[in-house]
Amino acid sequence: MAAVTGQVTGSLHSFDISTGVDGPGTRFVAFLAGCPLRCLYCHSPDTQYRRYGRPTSVEDLLTEIRRYERFLKVAHGGVTVSGGEPLQQPAFTRDVLRRCREIGLHTALDTSGLLGDRADDALLDATDLVLLDIKSGDPGTYRAVTRTGRLAPTVRFAHRVADRGTPIWVRFVLVPGLTDDPFNVDAVASIAAGVPTVERVEVLPFHRLGAQKYAALGLPFPLADTPPPDEALLRRVRGQFRDQGLTVY
């Protein structure tokens, strides 16, 4: 990230419009480029490096967002900054969220929490909702899944967000043979249940839809032979979260 003509710029991979996926209502989702994690199940390897994005100023992105402003408000939606990992570009993320709040749009931050210490109070002040990706609850499994990450910063960030009263939606990717161990799931559920502002947990079934992106980049897809979870496994895992009093989607 650099300052160009007095403006904060970031590396933007792409943006999209989604409904009921990345926060409430219909969302403008900005995907930033660059992520410190190398999750085995990552379906967007093209967002892992900053060089895969394009330099974009806050003003340029706000100009794009304003094209959808009226529609987003009518659809009870807002703007979600995702990635990649948006907290790898904290100043850009902060200014985008702040500007969106100024024009009356609901804001959401989609993060793993690994870089939560980079989120200053101004960034969190501009965030209405945190979508927190908890990769695993067992530290060893977390490391195996992410290859480069640690669980503790995510837990620390979750409690910091909760102390501010900010709502959290927890996301957990269910991968057969990787994240589905009952002990690991219970550990994630315990973390979520211990954070008072967690409103819901989304159990996301693993899929192989990103395989073509790996091929296009000349990279092997680490989970090419892993099947999606079946309904029985999904029921069991969702039940483990409900058993700890959590609302599950």
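How many helices and how many strands are there in the protein? I looked this up first and found nine helices and nine strands, where helices (H or I, at least four residues) and strands (E, at least two) are DSSP runs, numbered from the N terminus. I then checked the radius of gyration, taken over C-alpha atoms, and at 18 Å it is close to the 18 Å that the globule rule gives for 249 residues, so the protein is as compact as a globular protein of that length. The globule rule is 2.2 Å times the number of residues to the power 0.38.

I noted that this is a predicted model, in which local features need pLDDT of at least 70 and side-chain atom pairs count only at pLDDT 80 or more, while totals for chains, interfaces and linings use all residues. Residues are numbered from 1 along each chain as its sequence is written, and side-chain values use heavy atoms, with hydrogens and water left out.

**Entry on burial**

I read that 54% of the 249 residues count as buried, meaning under 20% relative accessible area, with exposed over 50% and partly exposed in between (1.4 Å probe, protein chains only).

**Entry on helix 7**

I compared the length of helix 7 (residues 182-193) with its expected span, which is 1.5 Å times one less than its number of residues; the 12 residues should span 16 Å, and the end C-alpha atoms are 16 Å apart, which agrees. Its buried residues are N184, V185, A187, V188, A189, I191 and A192, and they pack against helix 5 (139-146), helix 6 (152-163), strand 8 (168-174), strand 9 (198-205) and helix 9 (231-242). At the start of helix 7, I found a side-chain oxygen of D181 within 2.9 Å of the backbone nitrogen of F183.

**Entry on aromatic rings**

I found six aromatic pairs in the structure, a pair being rings of Phe, Tyr and Trp (its six-membered ring) with centres within 6.5 Å, called stacked with planes under 30 degrees apart, edge-to-face over 60 and tilted for the rest. The rings of Y49 and Y52 have centres 5.6 Å apart and planes at 85°, so this pair is edge-to-face. Y49 is partly exposed at 31% relative accessible area, and Y52 also counts as partly exposed, at 30%.

I also looked for charges over rings (NZ of Lys or CZ of Arg within 6 Å of the ring centre and within 35 degrees of the ring normal). The charged end of R38 sits over the ring of Y49, 4.6 Å from its centre, and that of R200 sits over the ring of Y249, 3.6 Å from its centre.

Terms used
Contact = heavy atoms within 4.5 Å. Polar contact = N/O pair within 3.5 Å; in protein donor to acceptor, adjacent residues only side chain to side chain.
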